[in-house]
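Q: Could you walk me through a structure and show me how to read its features? I'd like the general idea and then the actual case.

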Amino acid sequence: GLETATTSHPVEFTIEVVDGYGRPCASDRKMSAVLKSQVDGSMLEAKVVRVTQSQYQVTYKPQSRGFCDLHVMANGADIHGSPFKVFVRHPPSLLSRPVRVLENIALPWGIALNSYGDILVTENGADRVAVIDGFGKTVRTIGSGQLRNPTGLAVDSSDNVYVASEHSLLKFTQSGELVKTVGMRGNKY
């Protein structure tokens with residue numbers, strides 16, 4: 001529940017709130033948690049229940065897919081390590097439905113699938129990679145402003161995205177952060 005989740009499926013985890021010496025310190029604290037979508041800004045309040053003097057069980061049921069920030073708070077302030085980055089995906093049963101129409105794709109060229117079942121398409125006419133969910137909706141783009149005439153496309157086992165763009169090969173993380181560029185336009189003389 002702190003890294004990945006699935007839409008419409010309850011997620012549950014336990015946190016322990018202790019001081020620097022490992023002693024419980026949450027007895028007088030109000031604990032809360034909120035899941036905030038990086039895609040559309042929607043917020044979902046999680047249920048937080050005290051289990052012991054310092055342990056709390058956090059439960060939430062995400063409704064929209066994509067990258068989210070999970071804020072776990074004590075007295076309204078994020079606890080150490082919060083917000084946690086969570087990727088919410090669709091369950092496999094939703095991904096197995098055929099996609100009927102891919103709208104607003106400008107000159108599609110290369111295609112690949114990631115481990116979440118998303119379809120990635122290089123848009124040669126828009127100089128980017130579209131990431132499309134199982135419903136045919138573009139959920140994010142990769143490489144906008146960094147690609148030129150993208151064609152080839154591959155995804156590795158860690159969901160890193162490799163794009164052939166004009167005279168170079170670019171490597172992006174699954175969230176679209178540029179990691180590495182190899183090659184550049186050369187001079188034939």
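**Reading strands, cores and loops**

A: Gladly. Let's begin with a single residue: Asp127 has a relative accessible area of 25%, so Asp127 is partly exposed. Keep in mind that this is a predicted model.

Q: Where does Asp127 sit?
A: Asp127 belongs to the loop between S11 and S12. Its backbone deserves a look too: the phi angle of Asp127 is near 55 degrees, which is a positive value in a residue other than glycine.

Q: How do the two strands beside that loop pair?
A: The general idea comes first. Strands of a sheet pair through backbone hydrogen bonds, and the pairing can be parallel or antiparallel. Here, strand S11 (residues 119-123) and strand S12 (residues 128-132) are antiparallel partners, with five bridges between them. To find one pair on your screen, look for Ile119, which stands opposite Ile132 in S12.

Q: Which strands make up the sheet around them, and in what order?
A: The order is S10-S11-S12-S13, four strands in an open sheet with antiparallel pairing. At the edges are strand S10 (108-113) and strand S13 (138-142), each of which pairs on one side only. Ignoring direction, neighbouring strands of this sheet are turned by 25 degrees against each other on average.

Q: What about an open sheet of three strands; what is the order there?
A: That one reads S2-S6-S5, again with antiparallel pairing. Its edge strands are S2 and strand S5 (47-50), each pairing on one side only. From one strand to the next, the twist averages 25 degrees. Within this sheet, S5 and S6 share four bridges in the antiparallel sense, and the bridge partner of Arg50 in S6 is Tyr56.

Q: Which strand pairs run parallel, and which antiparallel, where S9 is involved?
A: S9 lets you see both kinds. Strand S1 (residues 4-6) and S9 run parallel and are joined by three bridges; Thr4 stands opposite Phe87 in S9. S7 and S9, in contrast, pair in the antiparallel sense over five bridges, and Leu70 has Phe84 in S9 as its bridge partner.

Q: Is Val88 of S9 buried or exposed?
A: A general point helps when you look along a strand. In a regular strand, side chains alternate between the two faces of the sheet. As for this case, Val88 is found in strand S9. Val88 has 0% relative accessibility, so it counts as buried. You can also use Val88 to compare sequence and space: Val88 and Pro62 are 26 residues apart in sequence, while their C-alpha atoms are 7.2 Å apart.

Q: Which residues should I pick out in the largest nonpolar core?
A: That core has 21 residues, and those touching the most other members are Phe13, Ile15, Met31, Tyr60, Leu70 and Val72. At least two residues each come from strand S2 (11-16), strand S3 (31-37), strand S6 (55-60), strand S7 (66-74) and strand S9 (84-89). S7 gives the most, with four residues. Apart from this core lies another one, of 12 residues, including Ala112, Val131, Leu153 and Val161.

Q: How many cavities of 30 Å³ or more are there, and what lines the largest?
A: The structure holds one cavity of 30 Å³ or more, and the largest cavity has about 30 Å³ of space. Its lining consists of Asn114, Leu120, Val131, Arg140, Ile142, Asp159, Val161 and Gln174. Sorted by class, that lining has four nonpolar, two polar and two charged residues. Val131 is a handy landmark, as a member of the 12-residue core and of the cavity lining.

Q: Asp159 is in that lining; is Asp159 buried or exposed?
A: Asp159 counts as buried because its relative accessibility is 5%, under the 20% cut-off. You will find Asp159 in the loop between strand S14 (150-155) and strand S15 (161-165). The phi of Asp159 is near 65 degrees, a positive value in a residue other than glycine.

Q: Which peptide bond is cis, and where is its proline?
A: Look at omega for this one: the bond joining Ser82 and Pro83 is cis, with omega about 5 degrees. Pro83 lies in the loop between strand S8 (77-78) and S9.

Technical notes
Residues numbered from 1 in each chain as written. Predicted model: local features only at pLDDT ≥ 70, side-chain atom pairs only at ≥ 80, totals over all residues. Heavy atoms only, no water. Pairing = 2+ DSSP bridges. Axes fitted to C-alpha atoms, helices over the stretch in contact; angles between N-to-C directions. 1 Å grid on protein atoms, 1.4 Å probe; cavity = no way out; pocket = protein on both sides within 12 Å on 5 of 7 lines; lining within 4 Å. Points joined across faces, edges and corners; volume = space filled by probe spheres on them. Nonpolar A, V, L, I, M, F, W, Y, C, P; charged D, E, K, R; others polar. Core = buried A, V, L, I, M, F, W, Y, C linked by side-chain atoms within 4.5 Å. Buried < 20%, exposed > 50% of the residue type's maximum accessible area, 1.4 Å probe, protein only.
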